[in-house]
Amino acid sequence: MCAEIPQGMSLASLREFSLSHGLAPVPYKSGVNYIVETKTFGRFGCKVTIDADVIKVVEFHFAD
């Protein structure tokens, strides 16, 4: 799912994406955000870096 989040996506679009894919918490600010799959209880997710309400970097994140 992280690969479906393109660099340059707006923060508003990422919020919609998160809600439609069962990801939480819904990101709301610039900086580093972690959004995770609720169905895996947060084990799988994405580390998303946001600057000026635009997605800069998206990385897969696995909780040990």
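1. Burial and exposure overall. In this predicted model, buried residues account for 30% of the 64 residues in the protein. The exposed surface comes to about 3900 Å², and carbon and sulfur atoms supply 56% of it.

2. Overall dimensions. Taken along the principal axes, the C-alpha atoms fill a box of roughly 30 × 20 × 20 Å. The radius of gyration is 10 Å, which agrees with the value near 11 Å that a compact globule of 64 residues would have. Among contacts between residues at least 6 apart in sequence, 26% join residues at least 24 apart.

3. Composition and order of elements. The protein has 1 helix and 4 strands. Read from the N terminus on, these elements run α-β-β-β-β.

4. The sheet. The 4 strands are arranged as an open sheet in the order β1-β2-β3-β4, with antiparallel pairing. The edges are held by β1 (23-24) and β4 (54-62); each has a single partner strand, so one side of each is left without a neighbour in the sheet. As background, strands of a sheet pair through backbone hydrogen bonds, either parallel or antiparallel.

5. The β3-β4 pair. Strand β3 (residues 44-51) runs antiparallel to β4 and is joined to β4 by 8 bridges. One of the bridge partners can be named: Asp-51 is matched with Val-54 in β4. The two strands form a hairpin with 2 residues between them, and Ala-52 in the turn has a positive phi of about 55 degrees.

6. Packing of the helix on the sheet. Returning to the pair just described, β3 and β4 run antiparallel. Helix α1 (residues 11-20) packs on the sheet and touches β1, β2 (31-37), β3 and β4; the direction of α1 makes about 165 degrees with that of β3. Just after α1, Gly-22 takes a positive phi of about 70 degrees.

7. The two sides of α1. The buried residues of the helix are Leu-11, Leu-14, Phe-17 and Ser-18. These residues cover an arc of only 115 degrees around the axis, which puts them on the same side of α1. Their cover includes β1, β2, β3 and β4. On the face of α1 turned away from this buried side are the exposed residues Glu-16, Leu-19 and Ser-20. The list of exposed residues on that face thus includes a leucine, Leu-19, while Leu-11 and Leu-14 are among the buried residues of α1.

8. The segment after β4. Ala-63 lies in this segment. At 28% relative accessibility, Ala-63 counts as partly exposed, because the partly exposed class lies between the cut-offs of under 20% for buried and over 50% for exposed. Leaving aside neighbours within four places in sequence, Ala-63 is in contact with Gly-42 and Arg-43. Ala-63 and Gly-45 are 18 residues apart in sequence, and the distance between their C-alpha atoms is 8.2 Å.

How values were computed:
Residues are numbered from 1 along each chain as its sequence is written. This is a predicted model: local features need pLDDT of at least 70, side-chain atom pairs count only at pLDDT 80 or more; totals for chains, interfaces and linings use all residues. Side-chain values use heavy atoms; hydrogens and water are left out. Two strands pair if DSSP finds at least two bridges between them. Contact means heavy atoms within 4.5 Å. Axes are lines fitted to C-alpha atoms, for helices over the stretch in contact, and angles run from 0 to 180 degrees between N-to-C directions. The radius of gyration is taken over C-alpha atoms; the globule rule is 2.2 Å times the number of residues to the power 0.38. Buried means under 20% relative accessible area, exposed over 50%, partly exposed in between (1.4 Å probe, protein chains only). Accessible areas come from the Shrake-Rupley method with a 1.4 Å probe; for residues, only the protein chains shown count as cover. The arc is that of the directions from the helix axis to the C-beta atoms.
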